[in-house]
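Here is a friendly walk through the strands, helices and cores of this chain. Keep the viewer open and follow along.

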Amino acid sequence: MNCTFFKFALSITFYFINFQLSTATGQNITGTFPSLSNQQINLAGFEGFNTYVIDSVRVNAKGNFSLSFGRNDYGMGYLVADDNKPFFVVLSGEDLEIKGEALSYTETVEVVKGQENKWFEQYAREHPRREQALSAWIYLERIYNSDSLFAIQKTPKQAIVLEKRRIRAEDSTFLARLPKISYVSWYLPVRKLVSSVSVVAQYRTEEISSAIAAFRNMDYTDPRLYKSGLLRDAIESHFWLLENSGRSLDQVFAEMKTSIDAMMDYLVKDEKILNEVTQHLFGLLERRSLFEASEYLALKVLNEVACTFNSDLARQLETYRAMKKGNIAPDFEFGSEARTPAYSPAQTPKKLSDLKSDYTVVVFGASWCPNCKEELNKIATNYKKWKSYSVEVVFVSLDETRQQHELFASSFPFINLCDYKKWESPIVKAYYVFATPTMYLLDKDRKILLRPNSVGQMDAWVDWFLAGKQ
């Protein structure tokens, strides 16, 4: 029997024995790091998108410490000292003993006891080197296939193919030999998938389809994922890969809809995780201006998922059902205190439907909103140009006092109004506003054409759609 394989098999045997002995009680992490004497050491775990402190202790004068964790902490965790640089550990059914110079210098840390952590440390050390070598061979392969000076050389081309195959097989064999009961047997392939997306998108495009399929097969309600610290990375890497897969924008949105459907098949099993994942994904799509996908997500969970959502999330999702493109935006009165600086008294509009412009941008914001001052000043700068293309602006303030509103909005050259009711304003509720600033672009019939995520996007629309056609 191969010596390396014999050692691996023996370690698995001892792992099963220790696992059975230790799962009934809590486990300990002990360490010896003389350079950390008298420092505070925290052990933290992951809970979905959040972290929590499991245990905390002060290192003694000799650099020794001991921390405890329980069955509910099963998954990944990290140790952190005063320098706030984490050292990741596997929290499974085994005690862990480590020693070294400093947690922040992982190359100095030795896992003395804890088989899963030994496997984790070995793979963390070897896998990046295999990936680096594999990328180098792929680069050489392209040269030997595309450059006429090398293309005729069959022997090195065959050697490259064989070495690529060997590296991949070595990595796969390591993962396949891990006992299925171990946490690392699940964690390491998922970590490999998540960390590979940028390389796959740029250099190994033939792997894009299989990577996307792996993400779609991922159960987002799996407790192992929830406790892994990878939940955020898995979602964001999944949709980043879709966005950067070399497809047209229409194809990207079609693929995102398919991925959302696949995720929902799992998420409907757990209402709590459904709320958390939907809220994070919805925000992610909004930040990246992928509004067609965020609209699909919102309508999917509102129309097809029989679950209860927290009120903030429900309000965000309802925005897309009630205020989606093509719908007619509600009309509203400006009120007697509205400022209309661009209009003479005889022409002063009293409500939104009185406006004669071809387009109207309705903006919701407030003086207390961190981004509103910058965005509304940009609107003021662009207003003259927009007005020349028959684009009017109506600013609805969520300020609570007349003084706040006047200090903030008195210099704006466009229509602005405030009823001092903040989130309880009937206009705010009618437009399902849940954040500021929020903008809607309407046509002359108040049909919603666009929900700009920034003044820059709105200005680009004016330049392309209006100015570009003249």
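## Strand β1 and its partners

In this predicted model, strand β1, residues 27–32, has side chains that alternate between two faces. Q27, I29 and G31 point to one face and are buried, while N28, T30 and T32 point to the other and are not. This fits a general pattern: in a regular strand, side chains alternate between the two faces of the sheet.

Which strands does β1 pair with? One is β4 (residues 64–69), which runs antiparallel to β1 and is joined to it by six bridges. Within that pairing, N28 has S68 of β4 as its bridge partner. Another is β7 (residues 96–99), which runs parallel to β1 and is joined to it by four bridges; here T30 stands opposite E97.

## The four-stranded sheet

Next comes an open sheet of four strands in the order β3-β2-β5-β6, paired antiparallel. Why is one side of β3 and of β6 left without a neighbour in the sheet? Both β3 (50–58) and β6 (87–91) stand at the edges with a single partner strand each, so one side of each has no neighbour there. On average, neighbouring strands of this sheet are turned by 30° against each other, direction ignored.

Inside the sheet, β2 (residues 40–47) and β5 (residues 75–80) pair in the antiparallel sense through four bridges, and G45 stands opposite G77 of β5. Helix α2, spanning residues 115–146, lies across β5 and β6 and runs at about 135° to β6.

## Helices α4 and α5

Helix α4 (residues 154–177) and helix α5 (residues 184–195) have axes that come within 8 Å and cross at roughly 145°. The crossing of α4 past α5 is left-handed.

Which residues meet where these helices touch? From α4 they are D171, F174 and L175, and from α5 they are L188, P189 and K192. Sorted by class, this contact has four nonpolar residues, two charged ones and no polar ones.

## Two nonpolar cores

The largest nonpolar core has 63 residues. L188, which takes part in the α4–α5 contact, is among the residues with the most contacts inside this core, together with Y220, I235, F239, M256 and L281.

I235 is a handy place to zoom in. Leaving aside neighbours within four places in sequence, I235 is in contact with F49, Y220, M263, V277, H280, L281 and L284. A second core, separate from the largest one, has 24 residues, including W386, V391, F395 and A409.

## The five-stranded sheet

Further along the chain there is an open sheet of five strands with mixed pairing, in the order β11-β10-β9-β12-β13. Its edge strands, β11 (415–418) and β13 (448–450), each pair on one side only. Neighbouring strands here are turned by 30° against each other on average, direction ignored.

Strand β10 (residues 391–397) pairs with β11 in the parallel sense over four bridges, and V394 has I415 of β11 as its bridge partner. V391 and F395, both members of the second core, fall within the residue range of β10.

Two helices go with this sheet. Helix α14 (residues 372–388) packs on the sheet, where α14 touches β9 (359–365), β10 and β12 (438–443), and its direction makes about 155° with that of β10. Helix α17 (residues 455–466) lies across β9, β10, β12 and β13, running at about 175° to β9.

Technical notes. Residues are numbered from 1 along each chain as its sequence is written. This is a predicted model: local features need pLDDT of at least 70, side-chain atom pairs count only at pLDDT 80 or more; totals for chains, interfaces and linings use all residues. Side-chain values use heavy atoms; hydrogens and water are left out. Two strands pair if DSSP finds at least two bridges between them. Axes are lines fitted to C-alpha atoms, for helices over the stretch in contact, and angles run from 0 to 180 degrees between N-to-C directions. Contact means heavy atoms within 4.5 Å. A nonpolar core is a set of buried Ala, Val, Leu, Ile, Met, Phe, Trp, Tyr and Cys residues joined through side-chain atoms within 4.5 Å. Buried means under 20% relative accessible area, exposed over 50%, partly exposed in between (1.4 Å probe, protein chains only). A crossing is left-handed if the near helix is turned anticlockwise from the far one by less than a right angle, and right-handed if clockwise. Ala, Val, Leu, Ile, Met, Phe, Trp, Tyr, Cys and Pro count as nonpolar, Asp, Glu, Lys and Arg as charged, and the others, Gly among them, as polar.
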